[in-house]
Structure formats: C-alpha cells, structure tokens
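Here's a quick walk through the ligand site and the nonpolar interior of this one. Have a look at the model first, then read on.

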Amino acid sequence: MKEILAIEGGQPVKTTPFGSGQRFGLEEAMQVLEALQQNTLFYHFGNKVKTFLNDFNELYGVSYSVAASSGTAALHIAMGAAGVTVGDEVITSPITDQGTLIGILYQNAIPVFADLDPHTYGMDPASIEARITERTKAIVVVHLAGNASDMDAIMDIARRHKLKVIEDCAQSYLTRYKGRLVGTFGDYGCFSTNDFKHISTGDGGIVTVNSGDEQDYRTTHAFADKNFQRFEDAVRKELHYLAPNYRMTELQGAVGIAQLKKLPWICSVRQRYGDQLTTELRGLPGIAVHEVKPEIECTYWFYMLRLRLEELTCTREAFCAALAAEGVPNMMGYIPAVMYKQPMFQKRQAYLGSHFPFELTGATYEEGLCPVAEDILATAVRLPIHEFYTPQDMAETAAAIRKVATYYAKGQADAEP
Ligand SMILES: *Cc1c(COP(=O)(O)O)cnc(C)c1O
C-alpha cells in the first residue's frame, strides 16, 4: 500500500526539528581576544594568520600556503601566481560559484567551459581536453559539493599540454582522491572560509602553493599583498606588475585557528551522512543518487540527487513540494543556470560597456555548450547536509524521499488495488 503524502493530507514523515548547534564557541572567542591583545591586527606583525596557515599546512601536508580575504580572492591570487594574463583561455566548470570566474576575468583572461560527469558532477577530462587551444593557459578544477574530479586524468592532460592546474576546493575540504587530499594535486589549491562553507572566518580564503618552490611561494604571497614582498624583516616595494590587496586580518586568522580544529570532525560526520543517504536511496524509482567513485572520500557540502523524470508521474516542482510537505527542506537544482547563461557571458560584458577581453578571442557562449551540466541543473534536487543533524534526521530524510518516490513511481499506482 502506498502511504498518503503529507501534501495530500497524510502524516508527514519528519515531525521533529533538524539538529542544530553553535559553530563558534569559547575557543574562537579566546583566539580573538588574544589577537586583540597583540595590539596589531596586521597579519605580518601578528601571529594568528601565521598560526592558522601553519596548522593548515600541517593538516594538508604542504610546505606553503597564503591567506586571502575570500575564496574568490584566493582563486584570483592563484591566477596571478600561475601567470594567467591578457588573452589567455582558462578551462573550468559551468556549475560553480562566480568566485571561480572572477579572477580569470580580472586577469583579462577568457573562461572556457568544459562539461561534467552526469552523476558525480566532477569535470569530464575528455571535455576538458576537447576545449584546449593554443591560447589555453590553465585549468581551474572545481571539486563540487565535497566530491572530487578525476585528478589522475586531469593532471595527465595538464602535463601533456603544459597547462597550470588550479583546484577550487571551496566546497571540498578534506576530500580525498585515491587517499590524497584534493587541493594538493594541482599547482595551487584554493579554499574559502566564507560563512556558508565547512568552516567559517566570516569571510576568508587560503591558497596552497603545491610546487613547494620558495620563489613560487613568494610570488603568490606578494600577489595577495599589492605586490609588497614581505619576508622576515625585509620588505621589497618594487612593483613590476599589478596585484590586488587580498590580505587576511588577524581577527579572521584567530577564528580560523579554532575552526580548523573542528574541521576533521565536521568532514567525517558529513561524509557518513551523505554516504548513508546514498545507501538508502540507491535503486529507488526515479532517483539517481549523488555518485561518489570508490576511490574518493566525499565530504558533502550538500547532497544533490537527480530525478529520472521518465520514471515518475510528477514534475520536479511537485516532487520537491511533496518532499517539503513531508518535513524535509530541499531545493530544485543548485545555481539558477549554468554560468555561461548569465547575462555577463551572454552580453560578453565583464566590464560595464565593454566586450573586453571576450573580443580578443571572439568567444561566445551558446546554449547547449555543456549539455550534461545543463541537464544536471534541470533535474537536480538539493538536500542540505549538516554536522549538527542527527542520525535520525538522516534516516527520516531518506524515508521521506522513499515515500515520495514510491508514490510517484510510474506503473506502481495501477498495480495497487
Ligand atoms: C564559495 C565558493 C567560491 C568563492 O568563495 P568566496 O569566499 O565566497 O569568495 C568559489 N568557488 C566555489 C566552488 C565556491 O563554492
């Protein structure tokens, strides 16, 4: 017997509130107090940003990283350090935050979009390779929603074509690919600590410098600090090219120190909850789970399933409304549309009233450029995953999805008396 949906007057599956908690505590407060007691909030004079980076380097097993004012800034810094410049092409994902694209365009380089895997939402290596031209300078690999892209294949393409690789790990803290942390494969790994990410410093970012080369580190560091070269006691103020001021303050560094200690726990809970949902949802009519390849450990910034509408008697709108009525909050899709459908790309207007730098290559961004990515956004249903949720919250989420999918499954309705 099919259960009556809550939206049609039945009993909702989820009747208790989802677990919640305080993400900032005395640990953060103590760190901030110490920062203030330093009598300076400047990263180069204080110890908080330095300690935050040292802790991050230890956690990630890298020698060098640079702090930034945001994830967007971290990505722009990586572009600058990688030498991305006027008229270069940079290949990236059409399903991402605009922060991935901003630095590319501020360097007057041209974003080129490659398609995605339909179920892991990682970047498709074959599509990346097909987009390479004489002008291609770099690949920005977006690791979406805590999952990882296929780094062996992507690094192989980059080596063969002599391209820089920048990993956008804003949504993928402590995600492992074949046992190794994402963010340590490419030339640079970029992270965000904005208030919506696994850990928060209000706003902030980190760039890892994976070459381990000191000069590379110095270039990256200077690009975040107006091209001032601040090392030990010496400050060199010679300016050979343009660099922005993307410095992190001691207040953010202080909060980051305390947040970083919680990160392994946050990621392990999210991994367990996301994987549990997949186990419970796999095989349900009309549901395609958020796939994670066996060689990957996904830390789920969110969980995004896809509807196989051909197996269901309802629309996505109806499915999502029914699920919400069962007490499970959810959203249709992720970003409103693939990035290249944004007016900025359709009008080819990065700078108000100008077609620069798009006019350098004659780049255009037609519908259908990345058909898999377009399809993902048209059929996806996004569920929040949170470390403060309880195992019961997750079990009830799965039960609600099972109830709605079973109710709307094609063929089922006629078979039941
Ligand atoms: C959040 C995010 C960014 C930008 O980070 P901000 O700190 O908000 O500037 C970039 N890329 C991805 C994939 C993100 O999720």
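What follows covers the ligand and its surroundings, then the cores.

Keep in mind that this is a predicted model.

**Around the ligand**

The ligand is surrounded by 14 residues, and the closest ones are G71, T72, D168, S192 and K197. As for character, this shell splits into nine polar, three charged and two nonpolar residues. Which helix gives the most to the shell? That's α3, spanning residues 71-82, with three residues.

Some side chains reach the ligand with polar atoms, as listed here:

| Residue (polar side-chain atom) | Ligand atom | Distance |
|---|---|---|
| T72 | oxygen | 2.5 Å |
| D168 | nitrogen | 2.7 Å |
| N194 | oxygen | 2.8 Å |

How much of the ligand does the protein bury? On its own the ligand would expose 380 Å², and 93% of that is buried by the protein.

**The nonpolar cores**

Now to the interior. The largest nonpolar core runs to 97 residues, and I95, I166 and Y334 have the most contacts inside it. Helix α3 turns up again here: it supplies eight residues, the largest share of this core. So α3 has a part in both places, giving the most to the ligand shell and the largest share to the core.

Y334 is worth a click. Beyond its neighbours within four places in sequence, Y334 is in contact with I95, D97, L144, Q171, W301, F302, M304, L377 and R382.

There's also a second core, separate from the largest one, with 32 residues. Among them are L281, L305, L312 and I385.

Notes: Residues are numbered from 1 along each chain as its sequence is written. This is a predicted model: local features need pLDDT of at least 70, side-chain atom pairs count only at pLDDT 80 or more; totals for chains, interfaces and linings use all residues. Side-chain values use heavy atoms; hydrogens and water are left out. A residue is near a molecule or strand if one of its heavy atoms lies within 4 Å of it. A polar contact is a pair of N or O atoms within 3.5 Å; within protein, one must be able to donate a hydrogen and the other to accept it, and residues adjacent in sequence count only if both atoms are side-chain atoms. Accessible areas come from the Shrake-Rupley method with a 1.4 Å probe; for residues, only the protein chains shown count as cover. Helices (H or I, at least four residues) and strands (E, at least two) are DSSP runs, numbered from the N terminus. Ala, Val, Leu, Ile, Met, Phe, Trp, Tyr, Cys and Pro count as nonpolar, Asp, Glu, Lys and Arg as charged, and the others, Gly among them, as polar. A nonpolar core is a set of buried Ala, Val, Leu, Ile, Met, Phe, Trp, Tyr and Cys residues joined through side-chain atoms within 4.5 Å. Buried means under 20% relative accessible area, exposed over 50%, partly exposed in between (1.4 Å probe, protein chains only). Contact means heavy atoms within 4.5 Å.
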